[in-house]
Amino acid sequence: MTNATIRNTHPPAIELKGIRKSFVLSEGRNARTVMALDGIDLAINQHEFVTIIGPSGCGKTTLLRVMASLILPDAGDVLVDGAPVSEPGTKRAMVFQTFGLFPWKTVIDNVTFPLMVRKLPAAKAREIAMEHLVRVGLEKFVDAHPHQLSGGMQQRVGLSRALATGADVLLMDEPFGAIDAQTREFMQEELMRIWQEEQKTVIFITHDLDEAVMLADRVLLMSRGPGRVREIIDVDLPRPRTDYDVRVRKNFTETRSHLWNLLRNDLVEQRAEETT
């Protein structure tokens, strides 16, 4: 069965309807309400790879945390496989920019942790963890601690932990933002390979335009705060994208240029407002 058939016969992996979220910021004796998300409607298809990009402060991370039910919206609904949700669940897993590893635990213990929380037998949890550590090439480092690993290796541990949960949806908050450029390209290729093999749904926040276009089936561009969906752009590039240089394709350069022009206009408008 093709991905197109799956998308037509199943509800969206994640659907947002009328999402609004605000925060109260304290400033000395004063407080003000800041609207982070204002009327987000969005459907992410099964097995789709969607990247999210937008100006700083546009609510990208807030949006991802609402999808994960780590924070609840003030209004609107979050649906997973067509069912409303209001708390974290096993179908969704977060991968954070800061790796989120326990420094006192070994690699294997970090990956087995969410499985042990779910009361899996220790032997089964270790078996699942090892399977995913092998997939990312860390089977020789199972007894190491995070401080003994490079940034890229730590991120692979975080990715392994998310995959080991068996979650259908990976919610990734700038996961490659804290690693060097060469390791970042390697991790992009690893993620695309794993996504294609395991048929996950991935929602991926990034500030990197090249990364946003290279990885995605669709790029969601958010407006500057309060966060709204400004545009959703289809990326027409054949997969697997690790088989050729994506950056030399006309569709890549045109999509990147379109996104940059929109982002640059937002930045110019923001600076103009700040100086008036």
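Which strands does helix 5 lie across? Select helix 5 (151–164) and look beneath: helix 5 lies across strand 6 and strand 7, running at about 175° to strand 6. Helices (H or I, at least four residues) and strands (E, at least two) are DSSP runs numbered from the N terminus. Angles run from 0 to 180 degrees between N-to-C directions, with axes fitted to C-alpha atoms, for helices over the stretch in contact.

Before moving on, note that this is a predicted model, in which local features need pLDDT of at least 70, side-chain atom pairs count only at pLDDT 80 or more, and totals for chains, interfaces and linings use all residues. Residues are numbered from 1 along each chain as its sequence is written, and side-chain values use heavy atoms, leaving out hydrogens and water.

**Stop 1: the sheet**

Now select strands 6, 7, 8, 3, 9 and 10. They form an open sheet with mixed pairing, in the order 6-7-8-3-9-10; two strands pair if DSSP finds at least two bridges between them. Strand 6 (92–95) and strand 10 (229–234) stand at the edges with a single partner strand each, so one side of each has no neighbour in the sheet. On average, neighbouring strands here are turned by 15° against each other, direction ignored.

Zoom in on strand 3 (residues 49–53) and strand 8 (residues 201–205), which run parallel and are joined by four bridges. Click threonine 51 to find one of these strands' pairings: its bridge partner in strand 8 is phenylalanine 204.

**Stop 2: helix 3**

Next, select helix 3 (residues 107–117). Its buried residues (under 20% relative accessible area, 1.4 Å probe, protein chains only) are Val107, Ile108, Asn110, Val111, Thr112, Pro114 and Leu115. These pack against helix 4 (122–135) and helix 5, where contact means heavy atoms within 4.5 Å.

Show helix 5 again. The axes of helix 3 and helix 5 come within 8 Å and cross at roughly 30°. That makes the two helices roughly parallel, a term for angles under 35 degrees.

Display side chains at this contact: Val107, Asn110, Val111, Pro114 and Leu115 in helix 3 meet Val157, Ser160, Arg161 and Ala164 in helix 5. These residues divide into six nonpolar, two polar and one charged.

Just after helix 3, pick lysine 119, which takes a positive phi of about 70°.

**Stop 3: glycine 166**

Finally, go to glycine 166, in the loop between helix 5 and strand 7 (169–173). Glycine 166 is partly exposed (from 20% to 50%), with a relative accessible area of 43%. Add valine 142 to your selection: glycine 166 and valine 142 are 24 residues apart in sequence and 20 Å apart in space, C-alpha to C-alpha.

Definitions and conventions. Parallel < 35°, antiparallel > 145°, perpendicular 65-115°, else oblique. Nonpolar A, V, L, I, M, F, W, Y, C, P; charged D, E, K, R; others polar.
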